[in-house]
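Trainee: I would like to go through this model by asking for one value or name at a time. Please give the reasoning before each result.

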Amino acid sequence: MEVVAAVKKASLSLYQDGVQSYHRHVKFLAVVGALYTARKLFSILRGCCSLVRMHITSHLFGRTSLVRQYGEWAVVTGATDGIGKAYAEELARHGLNIILISRSSEKLTRVSEAIAETYGVKTSCIQVDFSHGRDIYPIINEALRQVEVGILVNNVGLFVEYPQYFLETPEDRVWELINVNVAAAVMMTRIVLPGMTERKRGAIVNVSSASCVKPCPLMAVYSASKSFMDHFSQALHYEYASKGIFIQTLVPFFIVTKLTSFSTFLLKKSILVPTAKDYAYKAVQTLGKSHRTTGHWSHSIQFAMAESIPEWTWVPIIKVLCRKLRQEYNSSRS
């Protein structure tokens, strides 16, 4: 009987210790959960405040003159179509003279003349193909030697013909993606940054993509190149903000441009997919105010949702999306 009583007593003691330990762990987990929830709520609140400040307050109270803030001249790469053309037009609307860089001489002349006539600013063109690699940069450097560049927009970009597996992408196309999406921004920055630091003012806008937020299967090289752009910009910000240089990353979602011509859905304007003109109008409002932004209020909401999705959920969603886009592209070609 004494043995049985001792066992019962020991069991009761272990049970009580277990209950106390359980309650301690529950309290600890409750504190952790509360802190995590508070952090998420703070992040959402901060995002909402940033959204209001970027896209509402700035419209109500106006902004400092871009010419007075950064200088008279802006350089825009990939400036004859899409975001680049719309961004160049928006900067011209703010009174900046524009130097357009692209590969089509005919398009450069047409866009340059239209901007000059519409906005009454000076325009100039540099015709080069960024996919040709390092041989083009001495030409650009010489053309910009006497120009005090106030704003550089590294917009030129290249996408795969449609979402595809890495080994389906031809090797020449891979090199083009690297030369256009990675090397162009780095080398253009090297050309204009010395003058900006000497004058202690200037802005560099690097157009990345929301595909940099997490791995994107079937867009491996493209999304990786945009991740490079994002990290490159953030690092430059820490290096040169103290020298008076504003460096911004734009991380847009889908916009109605030629890059998304493989999908009929992405060629239609919607709340989620704005036109390039609408996007550029909103994006320029964020210049000098946010170092990393989607540039458009609807994209900011999408980006916040994408960041909150765990990678194990994000990847299957992207796979399904890309496969549907592949199927749509292949159906249109057959």
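Mentor: Start with a definition: a residue is buried when its relative accessible area is under 20%, exposed when that area is over 50%, and partly exposed in between. Keep in mind that this is a predicted model.

Trainee: By that rule, is C212 buried or exposed?

Mentor: The cut-off for burial is a relative accessible area under 20%. C212 has a relative accessibility of 11%, so C212 counts as buried.

Trainee: How many disulfides does the structure hold?

Mentor: A disulfide needs two cysteine sulfur atoms within 2.5 Å. The structure's count of disulfides is 0. C212 is in none, since the nearest cysteine sulfur, that of C216, is 8.6 Å away. The number asked for is 0.

Trainee: Why does C322 form no bond with C216?

Mentor: C322 is buried, at a relative accessible area of 2%. The closest cysteine sulfur to that of C322 is in C216, and the separation is too far for a bond because it comes to 6.9 Å.

Trainee: What share of the residues in the chain is buried?

Mentor: The chain has 334 residues, and its secondary structure comes to 10 helices and 7 strands. Its accessible surface is about 18400 Å², with 59% of that belonging to carbon and sulfur atoms. The buried share of the residues is 43%.

Trainee: Of the contacts with a separation of 6 or more, what percentage joins residues 24 or more positions apart?

Mentor: A contact here means heavy atoms within 4.5 Å. Among contacts in the chain with a separation of 6 or more, the part from residues 24 or more positions apart is 72%.

Trainee: Which side chain forms a polar contact with that of N181?

Mentor: N181 sits in helix α6, residues 171–199, and is buried because its relative accessibility is 0%. Its side chain reaches the backbone nitrogen of L158 at 2.7 Å. The side-chain partner, at 3.2 Å, is S225.

Trainee: Leaving aside neighbours within four places in sequence, which residues are in contact with N181?

Mentor: Both polar partners of N181 appear in this list, L158 through its backbone nitrogen and S225 through its side chain. With neighbours within four places left out, the residues in contact with N181 are V156, G157, L158, E176, Y222, S225, K226 and M229.

Trainee: And with the neighbours within four places again left aside, what does D230 contact?

Mentor: D230 belongs to helix α7, residues 220–240. Its relative accessible area is 4%, so D230 is buried. Outside its neighbours within four places, its contacts are S208, C212, T249 and R292.

Trainee: How many salt bridges are there?

Mentor: The rule asks for a side-chain nitrogen of Lys or Arg within 4 Å of a carboxyl oxygen of Asp or Glu. One of the pairs is E142 with R145, at 3.1 Å from N to O. E142 is partly exposed, with a relative accessible area of 49%. The count of salt bridges is 8.

Trainee: What separates the closest N and O atoms of R93 and E90?

Mentor: R93 and E90 both belong to helix α3, residues 82–93, and are 3 residues apart, about one turn of the helix. R93 is partly exposed at 44% relative accessibility, whereas E90 is buried at 7%. Their salt bridge has its closest N and O atoms apart by 2.6 Å.

Trainee: What is the N to O value for R110 and E106?

Mentor: These two residues lie in helix α4, residues 105–119, 4 residues apart, about one turn of the helix. R110 is partly exposed at 47% relative accessibility, while E106 is exposed at 61%. The limit for a salt bridge is within 4 Å, and the side chains of R110 and E106 meet at 3.9 Å.

Trainee: How far is the C-alpha atom of I139 from that of Q127?

Mentor: I139 is in helix α5, residues 137–143, and is partly exposed, with a relative accessible area of 49%. I139 and Q127 are 12 residues apart along the chain, and their C-alpha atoms are separated by 9.3 Å.

Trainee: Which residues form the nonpolar patch with about 510 Å² of accessible area?

Mentor: One member is M305, located in helix α9, residues 297–308. M305 counts as exposed because its relative accessibility is 52%. The patch on the surface, with about 510 Å² of accessible area together, is formed by I271, L272, W297, I301 and M305.

Notes: Residues numbered from 1 in each chain as written. Predicted model: local features only at pLDDT ≥ 70, side-chain atom pairs only at ≥ 80, totals over all residues. Heavy atoms only, no water. Patch = residues over 30% accessible without salt bridge, like charges linked within 9 Å, V, L, I, M, F, W, Y side chains within 5 Å. Areas by Shrake-Rupley, 256 points an atom, 1.4 Å probe, with all protein chains shown as cover. Buried < 20%, exposed > 50% of the residue type's maximum accessible area, 1.4 Å probe, protein only. Polar contact = N/O pair within 3.5 Å; in protein donor to acceptor, adjacent residues only side chain to side chain.
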